[in-house]
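Me: I am new to this structure and would be grateful for a close look at a single part of it. Please set that part in its surroundings and explain the reasoning as you proceed.

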Amino acid sequence: YRVERIIKATLLFSKGVSVKKGSFTLSTLRREMDGAIEFYDYSKNIDFRYDFPSDASIEGDIDLMAIVMQNFIYNAIDAIEEWDECEEGTIEVVFREEGGYSCFYIYDSGAPIENKNILFEPFKSTKTKGHGLGLSLSMQIVKAHGGDIALLEGRKGFLIKIVNNPN
């Protein structure tokens with residue numbers, strides 16, 4: 001599964017992102033995220049929390065947005081796994097509609113981010129399991145959705161926002 005993920009990410013990154021927008025529910029996205037978590041190896045007790053209405057619909061490419069969320073969830077798991085100061089952790093995904101955007105806030109209780117300057121640079125990673133494409137590809141996907149990704153100040157986390165119904 002991990003090798004397949006890396007190959008898929010490399011191909012998407014190298015050929016560019018083509019968005020096929022449609023309406024999907026947040027419960028569909030949640031099922032994709034839960035499925036991805038089942039395939040990922042981790043040893044610590046992690047509490048996954050979701051704060052969004054499962055029946056809400058947003059516009060976007062469900063396959064590509066699932067990749068984005070998967071990348072951020074995996075990074076959060078790795079941050080918890082690699083941080084010696086905690087034996088367990090929390091990952092929280094919060095959804096809000098704000099100013100014409102569908103916004104996902106992703107927080108984790110893992111290790112602090114070491115080098116903020118290389119977060120979205122391709123093939124650069126501070127993780128032992130990282131290949132350096134996850135966040136770079138995620139940024140490409142989100143930009144193709146008319147959105148952006150930002151590192152949050154204060155509480156450790158990211159904001160992923162995509163244009164909500166651009167028609």
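Reply: The protein chain contains 4 helices and 7 strands. This is a predicted model. Read from the N terminus, the elements follow the order α-β-α-β-β-α-β-β-α-β-β. The protein chain has 167 residues, of which 45% are buried. Among its contacts with a separation of 6 or more, 71% are between residues 24 or more positions apart.

The part chosen here is helix α4, which spans residues 134–144. Is this helix enclosed by the rest of the structure, and how many of its residues are buried? Of the 11 residues of α4, 8 are buried, so the helix is largely enclosed by the rest of the structure. The buried residues are Gly 134, Leu 135, Ser 136, Leu 137, Ser 138, Met 139, Ile 141 and Val 142.

One neighbour of this helix is α3, residues 62–82. The two helices pack at an angle of about 145°, and their axes are 9 Å apart. The crossing of α3 past α4 is left-handed. On the α4 side, the contact is made by Gly 134, Leu 135, Leu 137, Ser 138, Ile 141 and Val 142. On the α3 side, Leu 64, Met 65, Ile 67, Val 68, Asn 71, Phe 72 and Asn 75 take part. By character, the residues of this contact comprise 9 nonpolar and 4 polar, with no charged residue. A general point about helices helps in reading such lists: an α-helix has 3.6 residues a turn, so residues three or four places apart point the same way.

Aromatic pairs come next; a search of the whole structure finds 6 of them. One of these joins Tyr 50 and Phe 52 in an edge-to-face arrangement, with 5.8 Å from centre to centre and 70° between the planes. Tyr 50 has a relative accessible area of 18%, and it is classed as buried because the cut-off is under 20%. Phe 52, at 14% relative accessibility, is likewise counted as buried.

Phe 72, which belongs to the α3 side of the contact with α4, also pairs with Phe 158. The centres of these two rings are 5.0 Å apart and their planes lie at 65°, so this pair is edge-to-face. Phe 72 is in helix α3 and Phe 158 is in strand β7 (residues 157–163), so the pair ties together parts that are 86 residues apart in sequence. Both phenylalanines are buried.

Just after α4 comes Gly 146, whose phi is positive, at about 75°. This glycine is found in the loop between α4 and β6 (148–151). Is Gly 146 buried or exposed? With 35% relative accessibility, Gly 146 counts as partly exposed. Leaving aside residues up to four places away in sequence, Gly 146 touches Tyr 101 and Val 163. Its C-alpha atom is separated by 5.8 Å from that of Ile 162, a residue 16 places away along the chain.

Tyr 101, touched by Gly 146, also has Lys 161 over the face of its ring, at 4.5 Å from the ring centre. Elsewhere, Arg 155 lies over the face of Tyr 107, at 3.9 Å from the ring centre.

In brief, α4 is largely enclosed by the rest of the structure, packs with α3, and is followed by the partly exposed Gly 146.

How values were computed. Residues are numbered from 1 along each chain as its sequence is written. This is a predicted model: local features need pLDDT of at least 70, side-chain atom pairs count only at pLDDT 80 or more; totals for chains, interfaces and linings use all residues. Side-chain values use heavy atoms; hydrogens and water are left out. Axes are lines fitted to C-alpha atoms, for helices over the stretch in contact, and angles run from 0 to 180 degrees between N-to-C directions. A crossing is left-handed if the near helix is turned anticlockwise from the far one by less than a right angle, and right-handed if clockwise. Contact means heavy atoms within 4.5 Å. Ala, Val, Leu, Ile, Met, Phe, Trp, Tyr, Cys and Pro count as nonpolar, Asp, Glu, Lys and Arg as charged, and the others, Gly among them, as polar. Rings of Phe, Tyr and Trp (its six-membered ring) pair if their centres lie within 6.5 Å; planes under 30 degrees apart count as stacked, over 60 as edge-to-face and the rest as tilted. Buried means under 20% relative accessible area, exposed over 50%, partly exposed in between (1.4 Å probe, protein chains only). A charge sits over a ring if NZ of Lys or CZ of Arg is within 6 Å of the ring centre and within 35 degrees of the ring normal.
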